[in-house]
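Please examine the sequence and the structure shown below before reading on. The explanation then leads from the overall fold to individual side chains.

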Amino acid sequence: MDASVDDLLSFKEFPLMNEASGSQSAQININSPQRSHPNLDDLDDGDGTPKAGTTSAAKGGSIFSFEYYQRFFDVDTMIVVDRIATSMIPKRAPVNYLKLNIATNPDLYGPVWIVLTLIFTIAISGNMASYLQNTGNHHWRYNFHLVSYSATAIITYALLVPSALWAFLKWSTRTTEMAIIDDEEEEEQQQQQSVGTPSLLSLVCVYGYSLAIYIPVSVLWTIQVSVFQWLLVITGTFLSGFALLTILMPAIKKSRYSILVVLAVELAHFALAAGFMLFFFHAPDVDAPVEIPPHKAVTSVVVNATMQSKNA
């Protein structure tokens, strides 16, 4: 009990001692434990997890480090499922979905798995459709080249189309800004515009998730009914394309050529679905040539030879 009293008394006398030496030094000594250490970015908790004081620069790391790419896969199952559902259900995404949900945390986990799954789904289902089209043909063989064909088409679409859209939006949005911004409000408007303009990673993320609907559609394309296959093309394009436009519309509206962008997005989505169906699943409706039985041909030859001998 006496020790506690002594500690309390010494604690009360501590500010008086610091007042004699100067208020500035006392302030530094009192608040110094609360200041962040200058080298906290290089420290961790022992299990590889950075401390709370780490900065965003340390979180990104070098481009050649694993930590730099780790942030692109920092999502959980619920986020991935929600983004897949949003990419297939029109009007499910709110108006500011691109800015608040995608731009703040664009991921590549979902798009990578969707692209890989779609590649093998189309290749396997395409070979099943080919087998059904050649029923009774005992010389049918599995076409392994369909994997490379589908991979080339899907990866090209998932990377090239978002890149082209990002470049066009950036160019057309900048042109619009220079035409309507006054000198006094130029800096403020440019800051607002830069916040709403989607990044390339955000567009790749959105387009990657938009391909999820073609995974079940590719399985249904194995049904060899031409009308049903085209109906699947229209349905998949409408659902996925409309959901894609719903997410991208806030950014597209800022472009001077917004109508052209909308048409290009929908046409590219339709061309992808139609190309999948026509190349991998559709059987052309061509009438098989009528073959003359061999015995009839031999009979006609014999009859002609007999007629010629009689005339001679």
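The paragraphs that follow describe the confidence of the model, its helices, its interior, its surface and its salt bridges.

The model is predicted, and its confidence should therefore be considered at the outset. Over the protein chain the pLDDT averages 75, and 63% of the residues score at least 70. Among the elements, helix α11 has the highest mean pLDDT, at 95, while helix α2, covering residues 23-31, has the lowest, at 43. Over residues 14-58 the pLDDT is below 50, and this stretch has 19 contacts in the model beyond near neighbours in sequence. Residues 187-195 also have a pLDDT below 50, with nine contacts in the model beyond near neighbours in sequence. Where pLDDT is low, the predicted coordinates should not be read in detail.

With this caution in mind, one may turn to the overall architecture. How many helices and how many strands are there in the protein chain? The chain contains 14 helices and zero strands. Of its 312 residues, 30% are buried. Among the contacts with a separation of 6 or more, 75% are between residues 24 or more positions apart. The chain exposes about 20400 Å², and carbon and sulfur atoms supply 64% of this area.

The next topic is the interior. The largest nonpolar core has 48 residues, and those touching the most other members are Ile154, Leu165, Leu211, Tyr214, Trp221, Leu248 and Phe276. Several helices each supply at least two residues of this core, namely α6 (97-102), α7 (109-133), α8 (145-180), α10 (200-210), α11 (214-220), α12 (226-252) and α13 (258-281). Of the elements, α13 gives the most to the core, with nine residues. Leu248 may serve as an example of a core member. When its neighbours within four places in sequence are left aside, Leu248 is in contact with Leu98, Leu165, Leu203, Val206 and Tyr207.

Helix α10 deserves separate attention. Why is α10 described as largely enclosed by the rest of the structure? The reason is that nine of its 11 residues are buried. These buried residues are Ser202, Leu203, Val204, Cys205, Val206, Tyr207, Gly208, Tyr209 and Ser210. Leu203, Val206 and Tyr207 thus appear both among the buried residues of α10 and among the contacts of Leu248.

Another residue to locate is Thr246, which is found in helix α12. Is Thr246 buried or exposed? At 15% relative accessibility, Thr246 counts as buried, because the limit for a buried residue is under 20%. Apart from neighbours within four places in sequence, Thr246 is in contact with Lys91 and Ala93.

Attention now moves to the surface. A nonpolar patch is formed there by Ile63, Phe64, Tyr69, Phe73, Tyr109, Val112, Trp113 and Leu116, with about 860 Å² of accessible area together. Helix α7 gives the most to the patch, with four residues. Tyr109 lies in this helix, α7, and is partly exposed, with a relative accessible area of 38%. Tyr69 has its place in helix α4, residues 66-70, and is also partly exposed, with a relative accessible area of 40%. Although Tyr69 and Leu108 are 39 residues apart in sequence, their C-alpha atoms are 9.5 Å apart in space.

The last topic is the pairing of charged side chains. The structure holds two salt bridges. One of them joins the side chains of Asp82 and Arg92, at 2.9 Å from N to O. Asp82 lies in helix α5, residues 77-88, and Arg92 in the loop between α5 and α6, so this pair ties together parts that are 10 residues apart in sequence. Both partners are partly exposed: Asp82 has a relative accessible area of 30%, and Arg92 has a relative accessibility of 39%.

The side chains of Asp107 and Arg83 meet in the other salt bridge, at 2.3 Å from N to O. This pair links distant parts of the chain, with Asp107 in the loop between α6 and α7 and Arg83 in helix α5, 24 residues apart. Are Asp107 and Arg83 buried or exposed? Asp107 is buried, with a relative accessible area of 0%, and Arg83 likewise counts as buried, at 6% relative accessibility. One salt bridge therefore has two partly exposed partners, whereas the other has two buried partners.

Conventions: Residues are numbered from 1 along each chain as its sequence is written. This is a predicted model: local features need pLDDT of at least 70, side-chain atom pairs count only at pLDDT 80 or more; totals for chains, interfaces and linings use all residues. Side-chain values use heavy atoms; hydrogens and water are left out. A nonpolar core is a set of buried Ala, Val, Leu, Ile, Met, Phe, Trp, Tyr and Cys residues joined through side-chain atoms within 4.5 Å. Buried means under 20% relative accessible area, exposed over 50%, partly exposed in between (1.4 Å probe, protein chains only). Contact means heavy atoms within 4.5 Å. Patches are made of residues with over 30% relative accessible area and no salt bridge: like charges are joined within 9 Å, nonpolar side chains (Val, Leu, Ile, Met, Phe, Trp, Tyr) within 5 Å. Accessible areas come from the Shrake-Rupley method with a 1.4 Å probe; for residues, only the protein chains shown count as cover. A salt bridge is a side-chain nitrogen of Lys or Arg within 4 Å of a carboxyl oxygen of Asp or Glu. pLDDT is the predictor's confidence in each residue, from 0 to 100.
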